[in-house]
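Here is a short tour of one model, told through its charged pairs, a few side-chain environments and some backbone details. Keep the viewer open while you read.

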Amino acid sequence: MRAETRLSRPVQVAEAIKEWVVEHGMRPGDRLPGEAELIERFGMAKGTIREAMRILEAQGLVKTRTGPGGGTFVHEVSRQRAKALLGNYFYFKNLTIDDIYRLRRALEPELVASLAGKMSEDVLAQLEATIGEYSEPSKSIEEEREQHIASLRFHAILAEQSDNPLLSFIIDFMVNLLSDLTVYRRLYSPPNVELWAKGRDYQQRLVTALREGERGAARAIMKAHMETAWSLMLGQEAEMERRFITE
């Protein structure tokens with residue numbers, strides 16, 4: 001029991017430091033108090049404080065710089081790092097296409113409805129350029145894989161435009177999961193022309209609805225897009241499992 005208490009103490013101190021940072025309104029780039037002040041403030045031994053700071057640095061919440069002007073500073077976790085850390089949690093969860101699309105169907109239609117009529121021409125042009133990356137059906141398995149990844153990037157671009165940071169992150173994270181799942185389970189094989197044609201058509205119509213500010217149309221198009229992709233990707237997943245059993 002004592003060993004467990006000793007091990008948990010740096011974790012508790014790390015949490016206390018995080019709470020203190022929030023309470024004091026500290027922002028990324030702000031310098032944390034020095035070690036001596038932290039020891040006095042939290043009433044802990046030097047070793048416990050140092051271990052707590054190592055935990056925070058491993059979490060990406062603080063960054064230490066040496067030399068003149070050095071010290072320990074509040075650090076903002078990047079979206080890419082947050083997705084990687086959360087992805088590690090799901091690594092052994094055996095996620096399925098069904099798991100991901102149930103959420104995508106619920107969230108992405110509302111995302112695009114909120115964006116209709118509010119997106120800049122630069123972003124709309126970026127979406128159109130992405131669609132242009134798969135203007136023709138693929139001619140090889142490698143090209144099919146790249147087209148799948150590009151078509152998912154279309155949805156990541158949309159997620160970035162949301163003014164709701166939680167919604168934006170969740171959708172971006174799901175898109176990232178689906179991209180990884182598609183690649184390592186080879187769900188792009190065999191090529192599926194129906195998936196390519198219908199997906200591209202939905203995306204083209206969606207860009208038009210977004211440009212014209214048609215919230216209802218954008219929501220309906222994305223809902224149909226998700227339901228169609230859900231069905232066709234389930235077929236890809238079933239085919240992959242059939243091949244695996246056969247092999």
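Is Arg 41 buried, partly exposed or exposed? Arg 41 comes out as partly exposed, since its relative accessible area is 41% and the partly exposed class runs between the 20% and 50% cut-offs. Bear in mind that this is a predicted model.

## Salt bridges within a helix

Start with the partner of Arg 41. Glu 37 makes a salt bridge with Arg 41, and the closest N and O atoms sit 2.9 Å apart. Both residues belong to helix H2, which covers residues 35–42, and they are 4 residues apart, or about one turn of the helix. Glu 37 is partly exposed too, because its relative accessibility is 38%.

Helix H1 (residues 2–23) has a pair of its own: Lys 18 and Glu 15 both lie there, 3 residues apart, again about one turn of the helix. They form a salt bridge with 3.0 Å between the closest N and O atoms. Lys 18 has 27% relative accessibility, so it counts as partly exposed. Glu 15, at a relative accessible area of 36%, is also partly exposed.

## A bridge between distant parts of the chain

Now for a pair that spans the sequence. Glu 227 and Arg 105 meet through their side chains in a salt bridge, 2.8 Å from N to O. This one links distant parts of the chain: Glu 227 is in helix H10 (residues 215–246) and Arg 105 is in helix H5 (residues 97–115), with 122 residues separating them. Glu 227 is partly exposed at 34% relative accessibility, and Arg 105 is partly exposed at 30%.

Some bridges share partners, and in that way Arg 79, Lys 83 and Asp 172 are joined into one network. Across the structure, the salt bridges number 17. As a general point, side chains of opposite charge can pair when their charged atoms come close.

## A positive patch

Some charges end up in a surface patch. Arg 31, Lys 63, Arg 65 and Arg 81 form one that is positive. What is the relative accessibility of Arg 81? The value for Arg 81 is 33%, so this residue counts as partly exposed. Arg 81 sits in helix H4, which runs over residues 79–90.

## Two buried residues in helix H7

Helix H7 (residues 141–160) contains His 148, and Ile 157 is found in H7 as well. His 148 is buried because its relative accessible area is 10%, which falls under the 20% cut-off. Ile 157 is buried too, with a relative accessible area of 4%.

Which residues touch His 148, once neighbours within four places in sequence are set aside? The contacts of His 148 are Thr 182, Leu 187, Tyr 188, Leu 195 and Met 233. With the sequence neighbours left out in that way, Ile 157 is in contact with Val 123, Gln 126, Leu 127 and Thr 130. If you want a ruler across the model, the C-alpha atoms of Ile 157 and Thr 48 are separated by 43 Å, with the two positions 109 residues apart along the chain.

## Leu 61 and its surroundings

Leu 61 has its place in the loop between helix H3 (46–58) and strand S1 (62–65). With a relative accessible area of 27%, Leu 61 is partly exposed. Not counting residues up to four places away in sequence, Leu 61 touches Lys 18, Leu 56, Phe 73, Val 74, His 75 and Val 77. Lys 18 is a name you have met already, as the salt-bridge partner of Glu 15. Gly 47 is 14 residues from Leu 61 in sequence, and their C-alpha atoms are 19 Å apart in space.

## Backbone details in the loops

The loop between helix H8 (165–184) and helix H9 (193–212) holds Pro 190. Pro 190 is joined to Ser 189 by a cis peptide bond, with omega at about 0°. Arg 186 also lies in the loop between H8 and H9; it is not a glycine, yet its phi is positive at about 55°. Arg 186 is partly exposed, with a relative accessible area of 41%.

Asn 94, in the loop between H4 and H5, also has a positive phi of about 55° without being a glycine. Is Asn 94 buried or exposed? Asn 94 is exposed, because its relative accessible area is 57% and the cut-off for exposed is over 50%.

How values were computed
Residues are numbered from 1 along each chain as its sequence is written. This is a predicted model: local features need pLDDT of at least 70, side-chain atom pairs count only at pLDDT 80 or more; totals for chains, interfaces and linings use all residues. Side-chain values use heavy atoms; hydrogens and water are left out. A salt bridge is a side-chain nitrogen of Lys or Arg within 4 Å of a carboxyl oxygen of Asp or Glu. Helices (H or I, at least four residues) and strands (E, at least two) are DSSP runs, numbered from the N terminus. Buried means under 20% relative accessible area, exposed over 50%, partly exposed in between (1.4 Å probe, protein chains only). Patches are made of residues with over 30% relative accessible area and no salt bridge: like charges are joined within 9 Å, nonpolar side chains (Val, Leu, Ile, Met, Phe, Trp, Tyr) within 5 Å. Accessible areas come from the Shrake-Rupley method with a 1.4 Å probe; for residues, only the protein chains shown count as cover. Lys and Arg count as positive and Asp and Glu as negative; His and the chain ends are not counted. The place of a charge is taken as NZ of Lys, CZ of Arg, CG of Asp or CD of Glu. Contact means heavy atoms within 4.5 Å.
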